[in-house]
Each structure stands twice: as structure tokens, then as C-alpha cells.
Amino acid sequence: MKVKVINKSAYALPQYETELAAGLDVRANIVESIVLPPLGRALVPTGLYVELPEGYEMQVRPRSGLAAKRGITVLNSPGTIDPDYRGEVRVILVNLSNEAFELMPGERIAQLVIARFERVEWEAVDELSTTERGAGGFGSTGVK
């Protein structure tokens, strides 16, 4: 599938880092570093503008290495870029660690995953079918 993109960043287009990767690594398109204090957040530009096909979204997901090693994640994870959005793709990063984090220009900050979605029509009813699980959730299947 081809996706139209305008790249106004100083960097190459996002790419898959391995042959079977699902996500494309996207970079911070900034000219000076940004310091995120503990619990601080920033809306980070990427310099990318996309035109997604109808029926597809682009999910903005955290990079596992930044999350595990530095406590940096995508605040509204996963963020969604809708097929009718034409503005710049930006990433809301948050620092969940106890130490300040310096985000450098060109640093890989998130993953972009293209996914098909379906739109639904609600059908208002008075009751739902029964299942073995029922209303059990939040660990009800045995996770303690």
C-alpha cells in the first residue's frame, strides 16, 4: 500500500528498522534539544504530513526502548491520525521517570503503525447475550 507523504523534516522518511517490523520509527524534527522534566510533556513535531487512504488510521505508539530505559512514552498511546487529517504529525511525549530527559534533534521518538479500521452503527438494545465471562474484567480471568 502506498501512502502519500510530505516530508518537511530535516530527516529521511520513517522506515522499518527490521524486515518484519510493524512500526515505522519517526524522528523529532527539532533544531534544539528539549528537556522534559519528571512528569513533563511536550508536543514534538515530526515535519511529516500524510494522506491516508479511506478506512485506514495511523497509530502513534511508544518506542519500547525509550519507555523501558528512560521512562519516556506517548501520552495518548496509541495516538490516532485519522484519514481526513492533513496537518503535521506531532507526538505527545511524557517523561514518567524521576530524572530529566533531554530529547535531541533527530532522535527516534515513536513508532507509526498503519491499520485498517471499521466504522460501526450502534444498535440500541435492552440486553446483551450472555457469555461465560459475563461482566468479569480487570483480572477476573485468574490474574491476581
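This note goes through two sheets, a group of salt bridges and one strand residue in a predicted model.

1. The sheet that includes strand S1. Four strands make up an open sheet in the order S1-S4-S8-S6, and their pairing is antiparallel. Its edges are formed by strand S1, residues 4-7, and strand S6, residues 72-74, each of which pairs on one side only. From one strand to the next, the twist of this sheet averages 40°.

2. The pairing of S6 with S8. Strand S8 covers residues 88-95 and pairs with S6 in the antiparallel sense, over three bridges. For a reader who wishes to find this pairing in the model, Val 74 is a useful place to begin, with Leu 93 in S8 as its bridge partner.

3. The sheet that includes strand S2. A second arrangement to look at is an open sheet of four strands, again with antiparallel pairing, in which the order is S2-S10-S5-S7. Here the edge strands are S2 and strand S7, the latter spanning residues 79-81, and each of them pairs on one side only. The twist in this sheet averages 35° from one strand to the next.

4. The pairing of S5 with S10. These two strands run antiparallel and are joined by six bridges, and Tyr 56 can serve as a marker, since it stands opposite Arg 116 in S10.

5. The salt-bridge network. The structure holds four salt bridges, and a network of such bridges links Glu 17, Asp 25, Arg 63 and Arg 108. The side chains of Glu 17 and Arg 108 meet at 3.9 Å, N to O; because Glu 17 lies in the loop between S1 and strand S2 (24-27) while Arg 108 lies in strand S10 (residues 108-116), this pair ties together parts that are 91 residues apart in sequence. Arg 108 counts as partly exposed, at 27% relative accessibility, and Glu 17 is likewise partly exposed, with a relative accessible area of 41%.

6. Asp 25 within that network. Asp 25 forms a salt bridge with Arg 108, the closest N and O atoms being 2.7 Å apart, and because Asp 25 lies in strand S2 and Arg 108 in strand S10, the pair ties together parts that are 83 residues apart in sequence. Asp 25 also forms a salt bridge with Arg 63, where the closest N and O atoms are 3.8 Å apart; since Arg 63 lies in the loop between strand S5 (56-61) and helix H1 (64-70), and Asp 25 in strand S2, parts that are 38 residues apart in sequence are tied together by this pair. Both Asp 25 and Arg 63 are buried; the relative accessible area of Asp 25 is 10%, which falls in the buried class because that class is set at under 20%.

7. Gln 59 in strand S5. Gln 59 has its place in strand S5 and counts as buried because its relative accessibility is 12%. Leaving aside residues up to four places away in sequence, Gln 59 touches Pro 78, Gly 79, Gln 111, Leu 112, Val 113 and Ala 115. The side chain of Gln 59 also makes a polar contact, at 2.4 Å, with the side chain of Arg 61. As for Gly 137, which is 78 residues from Gln 59 along the chain, the C-alpha atoms of the two residues are separated by 25 Å.

How values were computed: Residues numbered from 1 in each chain as written. Predicted model: local features only at pLDDT ≥ 70, side-chain atom pairs only at ≥ 80, totals over all residues. Heavy atoms only, no water. Pairing = 2+ DSSP bridges. Axes fitted to C-alpha atoms, helices over the stretch in contact; angles between N-to-C directions. Buried < 20%, exposed > 50% of the residue type's maximum accessible area, 1.4 Å probe, protein only. Contact = heavy atoms within 4.5 Å. Polar contact = N/O pair within 3.5 Å; in protein donor to acceptor, adjacent residues only side chain to side chain.
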